[in-house]
Amino acid sequence: MSVSVDYYFALNSPWSYMANVQLPDLLHRYNAELKLKPVRMGPLLEATGGLPLAKRSAQRQAYRLQELGRWARRLNIPLNLEPAHFPVDERLAAGVVIAAMEDGHDGLELAEAFGAAIWVQNHDLSDEAVIGEILASEGLPSLLINESRAQAIDKALDKNTEEAIAAGVFGVPTFIVAEHIFWGQDRIDFLEEAIRQAS
């Protein structure tokens, strides 16, 4: 039986984007099952004592940029540290990821493409036209945009967020294997160790 990994993430997060780039190889090597769970960051941070980026101190914001640059270079992942469209309202795009998974498509691949739109290509991910272009480039139907507007999708986002809070999640990306929580793309080595031990 394959190991199951709950994965809580946000498209606005550059750390989630870098995790999305790294995950496919890891999942393939261990035949692990990834359960993608996009969350609403506002309620998650509010419930767990976190602050949105704009409300953090200048020192923390400056250090974040240094760390992003270091990790992008370490992982050889192109990254625009200060994209023109950030943060954006990611509700529509996150809903499209959920709708795509419900229709049997690869949600992780789509999440990576959406992340690249913000963090590499400098596109506005809140723009329906941008989302449509990405869907077309991924060979996915534009109908997913309409499906993403369903009330059930909002309920799924709320449920993911509530589950995350109840499980002890306070930031993204976060991975959970059994009772083990790993926060941050820089904990993927520990995630791999947990998957290997559980395999």
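Helix α5 is largely enclosed by the rest of the structure, because 11 of its 13 residues are buried. The model discussed here is predicted. To count as buried, a residue must have under 20% relative accessible area. Among the buried residues of α5 are Leu108, Leu110, Phe114, Ile118 and Trp119, together with smaller names on the list such as Gly107 and Ala111. These buried residues pack against the strands β1 and β2 and against the helices α1, α3, α4 and α6.

The helix itself covers residues 107–119, and at 1.5 Å a residue it should span 18 Å; its end C-alpha atoms are 18 Å apart, which agrees. At the start of α5, a side-chain oxygen of Asp106 comes to within 3.0 Å of the backbone nitrogen of Leu108.

Two of the elements that α5 packs against, β1 and β2, belong to an open sheet. This sheet has four strands in the order β2-β1-β3-β4, and its pairing is mixed. The strands β2 (33–38) and β4 (180–183) stand at the edges with a single partner strand each, so one side of each is left without a neighbour in the sheet. On average, neighbouring strands are turned by 20° against each other, direction ignored.

The mixed pairing can be followed from β1. Strands of a sheet pair through backbone hydrogen bonds, either parallel or antiparallel. With β2, strand β1 pairs in the parallel sense over six bridges. Between these two strands the chain passes through helix α1 (residues 14–30), and this β-α-β crossover is right-handed. With β3 (residues 174–177), strand β1 (residues 4–9) runs antiparallel, and three bridges join the two. Tyr7 illustrates both pairings: its bridge partner in β2 is Leu36, and its bridge partner in β3 is Phe175.

Strand β2 also contains Leu34, which counts as buried because its relative accessibility is 16%. Beyond residues up to four places away in sequence, Leu34 touches Val5, Tyr7, Leu23, Leu27 and Leu108. Of these contacts, Leu108 is one of the buried residues of α5. The C-alpha atoms of Leu34 and Ser2 are separated by 9.9 Å, although the two residues are 32 residues apart along the chain.

A buried residue may also lie in a loop. Ser148 is found in the loop between α7 (143–147) and α8 (151–167), and its relative accessible area of 0% makes it buried. Leaving aside residues up to four places away in sequence, Ser148 touches Arg91, Leu92, Gly95, Val96, Ala99 and Ile153.

Conventions. Residues numbered from 1 in each chain as written. Predicted model: local features only at pLDDT ≥ 70, side-chain atom pairs only at ≥ 80, totals over all residues. Heavy atoms only, no water. Pairing = 2+ DSSP bridges. Axes fitted to C-alpha atoms, helices over the stretch in contact; angles between N-to-C directions. Buried < 20%, exposed > 50% of the residue type's maximum accessible area, 1.4 Å probe, protein only. Contact = heavy atoms within 4.5 Å. Right-handed = clockwise from strand over helix to strand, strands pointing away. Expected span 1.5 Å × (residues − 1). Polar contact = N/O pair within 3.5 Å; in protein donor to acceptor, adjacent residues only side chain to side chain.
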